[in-house]
Every structure is written in structure tokens, then in C-alpha cells.
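Work through these exercises with the structure open beside you. Try each task before you read its solution.

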Amino acid sequence: METAHGRQQAAPGAFAAFARFVLCGGGVGLASSFAVAALSSWLPWALANAVITVASTLLATELHARFTFGAGGRATWRQHVQSAGSATAAYAVTCVAMVVLQLLVAAPGAVLEQVVYLAASALAGLARFAVLRLVVFARGRSQAAATVRATPPAVAGTVRATPPVAVSHAAVPAGPAALCHAA
């Protein structure tokens, strides 16, 4: 499930990435809101929200890896785990919003519930965009190797020119403390 590094595309600018995020994440979020509403007729709302959040996070992470942030391939396991962390926070925001709605309105209608759910999702989505762009799909940590140009030593008596050699150094992944600090 690792991204093929040879297929990486140039990272889109912030505006283009945000537009793609809204298209992909917003589309998945909108579909999820209807799925949660439908599933909550059979399951408790929080459980329906959790099931749909897991499924939509897997789908959205793949879309963001392939399209939104220009990774050019499938999301890595690390990206899925980090994305799940930001989705867990978004899940908490939508649950709190719905609990507050239930406390404020005795019997909210389906339209009001959808408005509150989508508004909470949109707010969480803004924070999620920042986390995904700056941490999860950040170019510095998503590339597995950095290329360094080196010239081989000259051999006495040879006149031919040797092209520079590419040397690969493994990137050191950021630890949990650095990731939490960046978020």
C-alpha cells in the first residue's frame, strides 16, 4: 500500500489543493451525511457516525493522496493512520455538535440535523485540510529518498568525464512529538 515514488506529481499550490480538498472531501462528506442519516434509523446515531466516518476516511484519504495533494499514487499506511487521527477529531466535533443540538432543541427536524452536522463537518474539514497538507501529505516526509549529487574521484591517467552519481539517503520519519507539535 506504499506510494510509488517514481509517480509523484508536483505538489499543487495551496489554493488548488484547497479546491481539490473541497471537491473530494466535501463530496465524500456530503455523501456521508446522508449515509449517517440513513444508517441512524437502524443504529444509534453515534455508532452510525463512527461506521460512516471510518469508511469515508479510507475513501477520502485515497482521494487526497491521488488527487488533492499530488502524491500521484495510493496513500501509505502512515498516511492512513495520520488521516485517521484527524478524522477522529472531526468525528468528535460532529458528535459534540449533535449533542449540543439535542440539548438546545427538544425535537430537531432532519433538515436542522443535516445543517448542524454539515456545519460541524465543514469546520472540522478546515482544520483537517491544514493537518493533511502540513503533516500527512507534506512533501518533506512523504518522499522516501533525497537525491544528493556527488562526483566520483578522479582516477590518475584517465581523461573521460564521468557524470555525477545520485546517492539516496533514507528520510527519517517524524516522531509522535513532532507530529503533535505540527498539528
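**Exercise 1. Start at Arg74: is this residue buried, partly exposed or exposed?**

Solution. Arg74 has a relative accessible area of 39%. Buried means under 20%, and exposed means over 50%. Arg74 is therefore partly exposed. Keep in mind throughout that this is a predicted model.

**Exercise 2. Find which residue forms a salt bridge with Arg74, and say where the two partners sit.**

Solution. Step one: the partner is Glu62, with the closest N and O atoms 3.8 Å apart. Step two: Glu62 belongs to helix α2, while Arg74 is in the loop between α2 and α3. The two are 12 residues apart, and the pair links distant parts of the chain.

**Exercise 3. Work out how Arg66 joins this group, and describe the resulting network.**

Solution. Begin with a general point. Side chains of opposite charge can pair when their charged atoms come close. Now apply it.

- Arg66 and Glu62 meet in a salt bridge, at 3.2 Å from N to O.
- Arg66 and Glu62 are four residues apart in helix α2, so about one helical turn separates them.
- Arg66 is partly exposed, at 43% relative accessibility.
- Glu62 is buried, because its relative accessible area is 13% and the limit for buried is under 20%.

Put the pieces together. Glu62, Arg66 and Arg74 are linked in a network of salt bridges. A search of the whole structure finds two salt bridges.

One more distance helps to place Glu62. Its C-alpha atom is 8.3 Å from that of His80, and these residues are 18 apart in sequence.

**Exercise 4. Describe the aromatic pair of Phe18 and Phe129, and explain what it ties together.**

Solution. A pair of aromatic rings is described by the distance of the centres and the angle of the planes. The structure holds five aromatic pairs. For Phe18 and Phe129, the centres are 5.1 Å apart and the planes make an angle of 85°. Over 60 degrees counts as edge-to-face, and this pair is edge-to-face.

Next, place the partners. Phe18 lies in helix α1 (residues 14–39) and Phe129 in helix α4 (residues 110–136). The pair therefore ties together parts that are 111 residues apart in sequence.

Then check the exposure. Phe18 is partly exposed, with a relative accessible area of 30%. Phe129 counts as buried, at 11% relative accessibility.

Finally, widen the view. Phe18, Phe21, Phe69, Phe129 and Phe137 form one aromatic cluster. Another ring, that of Phe67, has Arg20 over its face, at 5.0 Å from the ring centre.

**Exercise 5. Take two serines, Ser32 and Ser83, and list what each one touches beyond four places in sequence.**

Solution. Take Ser32 to begin with. Ser32 is in helix α1. It counts as buried, at 8% relative accessibility. Its contacts are Ile52 and Ser56. The C-alpha atoms of Ser32 and Leu118 are separated by 9.7 Å, although the residues are 86 apart along the chain.

Now turn to Ser83. Ser83 is in helix α3. It is buried, with a relative accessible area of 0%. Its contacts are Thr57, Thr61, Arg128, Leu132 and Val136.

**Exercise 6. Locate the nonpolar surface patch that includes Val100, and give its area.**

Solution. Val100 is found in helix α3 (residues 77–104). With a relative accessible area of 39%, Val100 is partly exposed. A patch residue needs over 30%, so Val100 passes that cut-off at 39%. Val96, Val99, Val100, Leu103 and Leu104 make up the patch. Together they have about 520 Å² of accessible area.

**Exercise 7. Step back and summarise the whole protein: how many helices and strands are there, and in what pattern do they follow?**

Solution. Count the elements: six helices and two strands. Read along the sequence, the pattern is α-α-α-α-α-β-β-α.

Then look at burial and surface. Of the 183 residues, 31% are buried. The accessible surface comes to about 10,800 Å², and carbon and sulfur atoms account for 73% of that.

End with the contacts. Among contacts with a separation of 6 or more, 69% are between residues 24 or more positions apart.

Technical notes:
Residues are numbered from 1 along each chain as its sequence is written. This is a predicted model: local features need pLDDT of at least 70, side-chain atom pairs count only at pLDDT 80 or more; totals for chains, interfaces and linings use all residues. Side-chain values use heavy atoms; hydrogens and water are left out. Patches are made of residues with over 30% relative accessible area and no salt bridge: like charges are joined within 9 Å, nonpolar side chains (Val, Leu, Ile, Met, Phe, Trp, Tyr) within 5 Å. Accessible areas come from the Shrake-Rupley method with a 1.4 Å probe; for residues, only the protein chains shown count as cover. A salt bridge is a side-chain nitrogen of Lys or Arg within 4 Å of a carboxyl oxygen of Asp or Glu. Buried means under 20% relative accessible area, exposed over 50%, partly exposed in between (1.4 Å probe, protein chains only). Rings of Phe, Tyr and Trp (its six-membered ring) pair if their centres lie within 6.5 Å; planes under 30 degrees apart count as stacked, over 60 as edge-to-face and the rest as tilted. A charge sits over a ring if NZ of Lys or CZ of Arg is within 6 Å of the ring centre and within 35 degrees of the ring normal. Contact means heavy atoms within 4.5 Å.
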